Amino acid sequence: YVVLSLLVYVGLIMALVFRLWKKQFDALTFGILFYLATISIFSNIFFLISSLMAERFLFFPSLGFCVALAWLLVKFLTIQQTESVTGVFTEKKLWITVLGICIVWTLLTVNRNKDWKDNATLYEADCAKAPGNFRLLLFQSGERALDADNGGYPPRVRIQKYLEVSQILRRSVDIYPKSYEALAGLADAYLVLDKPDSAIYFGKLAFQYTTVSSQATDALAGAYMQKRQFPDAISVLRTAMNFVKDNPEFPGNMGSCYLMMRQYDSAIMYLRMSRTMDAAMPNTNMLLALAFKGKGVPDSALKYEAIFRRTDPKFSIRDAPLP
């Protein structure tokens, strides 16, 4: 298909050059020129665009296609040449052909609209049509992970869904091994599946192809924390903070690591930093209460206990053990 499409474009370019050389400045020439000029903007050949490929990028080029198609239909299906629009439709073969085209493409459009119900439906439909597209598989895995996290499933079902996510991501990585997004997703999936060694492997692999990935950072640091390798987790998080200054999870997790290591001053400093970035970060106030309890500052511990009890009335600093 790639070679075939390449031959089509080479043929269009040759036809355009020939018609311009012959000074045939008609609707067909305009249609070919407009199509090639506008689709080149989105082709990622002359320059890279930041957005992903999408159907909307074909709206501009489709105008050139329609102009050229209209010219060809009039040329080959009209017996009486006429400048009148109404005169064109006196030709029965022509308007029957146009009507047929409109009916077929209307049905195709209506059928395609069902795929646009939501992101999950769209990616499921398109993955079936293009199973070799690593990016579609990446998007599909992301939607399935969101469903697993937010669907209210029991733990066993959630784990099963994450197994499916990991399988999809493995197919994505098999197609394009340098996709740091798919590798980071795999690290995250294996962290949920309680396989920290696999999470560390794929997290490190992701950073071979990027310097910044919040998902890979969270997964890699989380895996080190699962294995209680807190200095390694801190090293990962500190590196990430050099590139991303406004992610409250990074200092929050650093504070958690220092709390687990009973280095309370450092824990308090990073937890406060996280709280400054986002006061609604879950558990930050609880961790601050524990850190101040460990440091032996009861007034501050009670202060953050009172704040956290607004979301969890059962929490008590007196009964909560230190890590």
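Contact here means heavy atoms within 4.5 Å. Leaving aside neighbours within four places in sequence, Tyr-162 is in contact with Ala-145, Ala-148, Asp-149, Asp-188, Ala-189, Val-192 and Leu-193. Keep in mind that this is a predicted model, where local features need pLDDT of at least 70, side-chain atom pairs count only at pLDDT 80 or more, and totals for chains, interfaces and linings use all residues. Residues are numbered from 1 along each chain as its sequence is written, and side-chain values use heavy atoms, with hydrogens and water left out.

**Cores**
- The largest nonpolar core (buried Ala, Val, Leu, Ile, Met, Phe, Trp, Tyr and Cys residues joined through side-chain atoms within 4.5 Å) has 59 residues.
- Buried means under 20% relative accessible area, exposed over 50%, and partly exposed in between (1.4 Å probe, protein chains only).
- Tyr-162, Phe-202, Met-254, Leu-259 and Phe-315 have the most contacts inside that largest core.
- Helix 9 (residues 180–192) gives the most to this core, with eight residues; helices are DSSP runs of H or I, at least four residues, numbered from the N terminus.
- Another core, of seven residues, lies apart from it and includes Leu-16, Ile-32, Tyr-35 and Leu-36.

**Cysteines**
- A search of the whole structure turns up zero disulfides (pairs of cysteine sulfur atoms within 2.5 Å).
- For Cys-66, the nearest cysteine sulfur belongs to Cys-102, 9.6 Å away.
- Cys-66 is partly exposed at 45% relative accessibility, whereas Cys-127 is buried at 9%.

**Helix 5**
- Leu-99 is found in helix 5 (residues 92–113).
- Leu-99 counts as partly exposed, with a relative accessible area of 45%.

How values were computed:
Helix = DSSP H or I, 4+ residues; strand = E, 2+ residues; numbered from the N terminus.
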